[in-house]
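Biologist: I'd like to go through this model with you and ask why things are called what they are called. Can we start with the terms and then look at the residues?

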Amino acid sequence: MKASAFLYPWDVVGDPDAPARIADLGVGQVTLASAYHSTRALTPRHPRHRVVTAEHAALLYPPDEPYWRGRELRPHAAGSWAPGDAFGRAAQALAAAGLDVHSWVVLAHNSRLGADHPETSVVNAYGDRYPWAPCIAQPRVRAHLVALAAEAAVRPGASGTELESCGWYGLAHLHAHDKIAGVALDGTAQYLMSLCFCSSCAQGYAQVGLDMRELKDRVRRALEPVWRGGPAADPLVEAGGELLAATLAFRTRVARELQESAVAAVRERAGAGFQVLLHADPRPDRCGADAGGDPAHVLGVADGVVVPCAAGPELLDPFAACAAPGAVLAANLTVVSGMGGRPEALADDAARAAAHGATQLRLYHAGLASDTDLERIRRSGALG
């Protein structure tokens, strides 16, 4: 089964052995970050460093100044962690090793945008802003993300792209020194805490017959038992279900508009033959890197999907049920044992994914994996 390994440019730039090492895994493709959020990443084999700290969301290539001139919101270039055209240098080295390169673009996950322009962030029912989560209902945010998708996806050396966080982001976030796990939040509570109450969302709720003040009060009342430390009892589930049904029509429409516009902008800039995949979850209420969406709509917009399968392949089923011939259904499997991955079981996990309709694999994340994990991948026999 065809497979692609996720990489950052700093996994490759400055390490002359990296391209051959990745090719030796048996993958034919690399999904290489071109626009990425802040992170702290291990580089276990790099000859010059072991930890890379990306201080803020950034482009990993030089932005095209004429392209961004006059736009209200603009991305930032990377600092010392990926200077100059880090993406381009890494892509060239990987291509020389016989690997196909696709860009990896993170969209609605950007704490630098939230710091520079707080008003662009999702704001919850309690008035707390999530600076990592741009509100995609705001027209200027959506315009920025569409422009970012087009430029960051279509990089020299890339023959396709994968768009991550192309939808709603919410409460869940791997934040530095995170301290929000003191009260367990189930899926219903996560959804309610991810609802946005900015002025653009207020207008959207009004369009589907909801008053934002009343909605905000209902969300707070529904969540009150959770904050008291009680179980996510039936009243929360019932209220959450009602609120999900009431708000999801508006939020789904907004996410669809972003996905349609972003994919169209990429295709217009790239021309024919450029593959566009969306990281997606078939549950429309889900927020985050794998944004929720209707499977039929997602597959009608993009050439395929990358689906989170670390917990099992079942999320592939709704996409497989409506996929047209030739659509890419890529199962995203974690292969870093220190991050809960199962490199030793890659063959079994790949077979299970294929039984649920997967046509390709994504390996998260070859740059972060230990030598032992990489050797387990090589020996698995699952790739090729």
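Modeller: Sure. A residue is called buried when its relative accessible area is under 20%, exposed when that area is over 50%, and partly exposed in between. Keep in mind that this is a predicted model.

Biologist: Then why is Glu162 called buried?

Modeller: Its relative accessible area is 0%, and the cut-off for buried is under 20%, so Glu162 is buried. You'll find Glu162 in strand E9, residues 160–164.

Biologist: What makes the pairing of Glu162 and His279 a polar contact?

Modeller: Their side chains come to 3.0 Å, and the limit for a pair of N or O atoms is 3.5 Å. That puts Glu162 and His279 in polar contact.

Biologist: Which residues does Glu162 touch, not counting residues up to four places away in sequence?

Modeller: Among them are Phe6, Gln29, Thr31, Trp104, Leu277, His279, Val306 and Arg362.

Biologist: Where is Arg362, and is Arg362 buried or exposed?

Modeller: Arg362 is in strand E14, residues 360–364. At 0% relative accessibility, Arg362 counts as buried, because the class takes in values under 20%. The side chain of Arg362 also has a polar contact of 3.0 Å with the side chain of Gln360. Leaving aside neighbours within four places, its contacts include Ser4, Phe6, Glu162, Ala330, Asn332 and Leu333.

Biologist: On to salt bridges. How many does a search of the whole structure find?

Modeller: The search finds 19. The general idea is that side chains of opposite charge can pair when their charged atoms come close.

Biologist: What makes Asp349 and Arg352 a salt bridge?

Modeller: The N to O distance between their side chains is 3.9 Å, and the cut-off is 4 Å, so the pair counts as a salt bridge. Both residues lie in helix H12, 3 residues apart, about one turn of the helix.

Biologist: Is each of the two buried or exposed?

Modeller: Asp349 has 12% relative accessibility, so Asp349 counts as buried. Arg352 has a relative accessible area of 41%, which lies between the 20% and 50% limits, so Arg352 is called partly exposed.

Biologist: How do you know that Arg376 and Asp373 are about one helical turn apart?

Modeller: Because they are 3 residues apart in helix H13, residues 371–380. Their side chains meet in a salt bridge at 3.5 Å, N to O. Asp373 is buried, with a relative accessible area of 1%, whereas Arg376 is partly exposed at 34%.

Biologist: And why is Arg379 called exposed?

Modeller: Its relative accessibility is 67%, and exposed starts over 50%, so Arg379 counts as exposed. Arg379 has a salt bridge to Glu375 at 2.8 Å, N to O. Those two also lie in H13, 4 residues apart. Glu375 is partly exposed, with a relative accessible area of 30%.

Biologist: Which residues are linked with that pair in a network of salt bridges?

Modeller: The network links Asp24, Glu375, Arg378 and Arg379.

Biologist: What about the second largest pocket: how many residues line it?

Modeller: There are 13 lining residues, and Cys309, Ala310, Gly312, Leu333 and Asp349 lie nearest the centre. The pocket's volume is about 160 Å³. H12 gives the most to the lining, with 3 residues. Strand E13 (328–334) is one of the elements supplying at least two residues. By class, the lining has 6 nonpolar, 4 polar and 3 charged residues.

Biologist: Why is Val13 called partly exposed?

Modeller: Its relative accessibility is 22%, and buried would need a value under 20%, so Val13 counts as partly exposed. Val13 is in the loop between strand E1 (2–7) and helix H1 (18–23). Val13 and Ala86 are 73 residues apart in sequence, yet their C-alpha atoms are 6.9 Å apart in space. Ala86 is also one of the contacts of Val13, along with His46, Arg89 and Ala90.

Biologist: Last one: what makes Asp186 a cap on helix H6?

Modeller: A side-chain oxygen of Asp186 lies 3.1 Å from the backbone nitrogen of Thr188, and that caps the N-terminal end of H6. The buried residues of H6, residues 187–194, are Ala189, Tyr191, Leu192, Met193 and Ser194.

Conventions. Residues numbered from 1 in each chain as written. Predicted model: local features only at pLDDT ≥ 70, side-chain atom pairs only at ≥ 80, totals over all residues. Heavy atoms only, no water. 1 Å grid on protein atoms, 1.4 Å probe; cavity = no way out; pocket = protein on both sides within 12 Å on 5 of 7 lines; lining within 4 Å. Points joined across faces, edges and corners; volume = space filled by probe spheres on them. Nonpolar A, V, L, I, M, F, W, Y, C, P; charged D, E, K, R; others polar. Buried < 20%, exposed > 50% of the residue type's maximum accessible area, 1.4 Å probe, protein only. Polar contact = N/O pair within 3.5 Å; in protein donor to acceptor, adjacent residues only side chain to side chain. Contact = heavy atoms within 4.5 Å.
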